[in-house]
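Work through the following exercises on aromatic ring contacts, and compare your own reasoning with each worked solution.

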Amino acid sequence: MTVAFYSGRRRRAAAALGAVSAGLLVLSACDKPTPLVTVTVGTESVHAEATCYNDGEAIKESEVQKCLTQGTPTKIDFALDDKVRIGVDPEIAENGWTLLFGAQPVEQEPYKKTYRTIPGNAFFSSQTGEPTTKADVNIMETNGTKVIGIYRFQFEKSS
């Protein structure tokens with residue numbers, strides 16, 4: 001009976017080649033993560049990835065309205081007198097981002113900084129002036145007139 005013996009050098013080379021191949025296989029299965037938006041109230045923070053994102057390219061206009069309502073928004077609750085801090089990744093700030101209540105933009109121009117603070121009571125009044133207990137808030141990443149990403153949150157009023 002003949003047994004093939006390999007030198008230590010060949011075994012190490014084969015093991016290294018196998019490890020490199022396995023690493024490349026694992027990395028090829030990974031998607032590039034989307035940028036994050038973080039909402040902080042007091043000591044509580046929540047993070048959200050985009051509900052719609054096309055690797056930094058524009059989302060089709062026909063899909064934007066659906067993106068504003070699809071999926072489960074990230075929830076956080078706070079009182080009217082709390083300060084809501086919204087932070088975005090630098091990549092989002094570079095493009096610009098707009099705050100929306102539901103599907104309605106709150107601002108005329110995209111914001112270009114990574115951080116802002118808004119009083120909690122700004123989120124809990126309806127268009128008719130009636131107080132509300134929940135608010136659907138979307139952050140829309142834009143580049144000029146193109147929508148790049150949409151991040152969804154639901155703010156709830158705590159007592």
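The exercises below treat aromatic pairs, their burial and a charge over a ring.

This is a predicted model, in which local features need pLDDT of at least 70 and side-chain atom pairs count only at pLDDT 80 or more, while totals for chains, interfaces and linings use all residues. Residues are numbered from 1 along each chain as its sequence is written, and side-chain values use heavy atoms, without hydrogens and water.

**Exercise 1.** Classify the pair formed by the rings of Phe 78 and Phe 123.

*Solution.* Rings of Phe, Tyr and Trp (its six-membered ring) pair if their centres lie within 6.5 Å, and planes under 30 degrees apart count as stacked, over 60 as edge-to-face and the rest as tilted. The centres of Phe 78 and Phe 123 are 6.2 Å apart and their planes stand at 80°, so the pair is edge-to-face. Phe 78 belongs to strand S4 (strands are DSSP runs of E, at least two residues, numbered from the N terminus), whereas Phe 123 lies in the loop between strand S8 and strand S9, 45 residues apart from Phe 78.

**Exercise 2.** Determine whether Trp 97 is buried or exposed, and describe its pair with Tyr 111.

*Solution.* Buried means under 20% relative accessible area, exposed over 50% and partly exposed in between (1.4 Å probe, protein chains only). Trp 97, at 0%, is therefore buried, while Tyr 111, at 23%, is partly exposed. Their rings form an edge-to-face pair, with 5.4 Å from centre to centre and 85° between the planes.

**Exercise 3.** Which residue lies over the face of Tyr 111?

*Solution.* A charge sits over a ring if NZ of Lys or CZ of Arg is within 6 Å of the ring centre and within 35 degrees of the ring normal. Arg 116 lies over the face of Tyr 111, at 4.1 Å from the ring centre.

Technical notes
Helix = DSSP H or I, 4+ residues; strand = E, 2+ residues; numbered from the N terminus.
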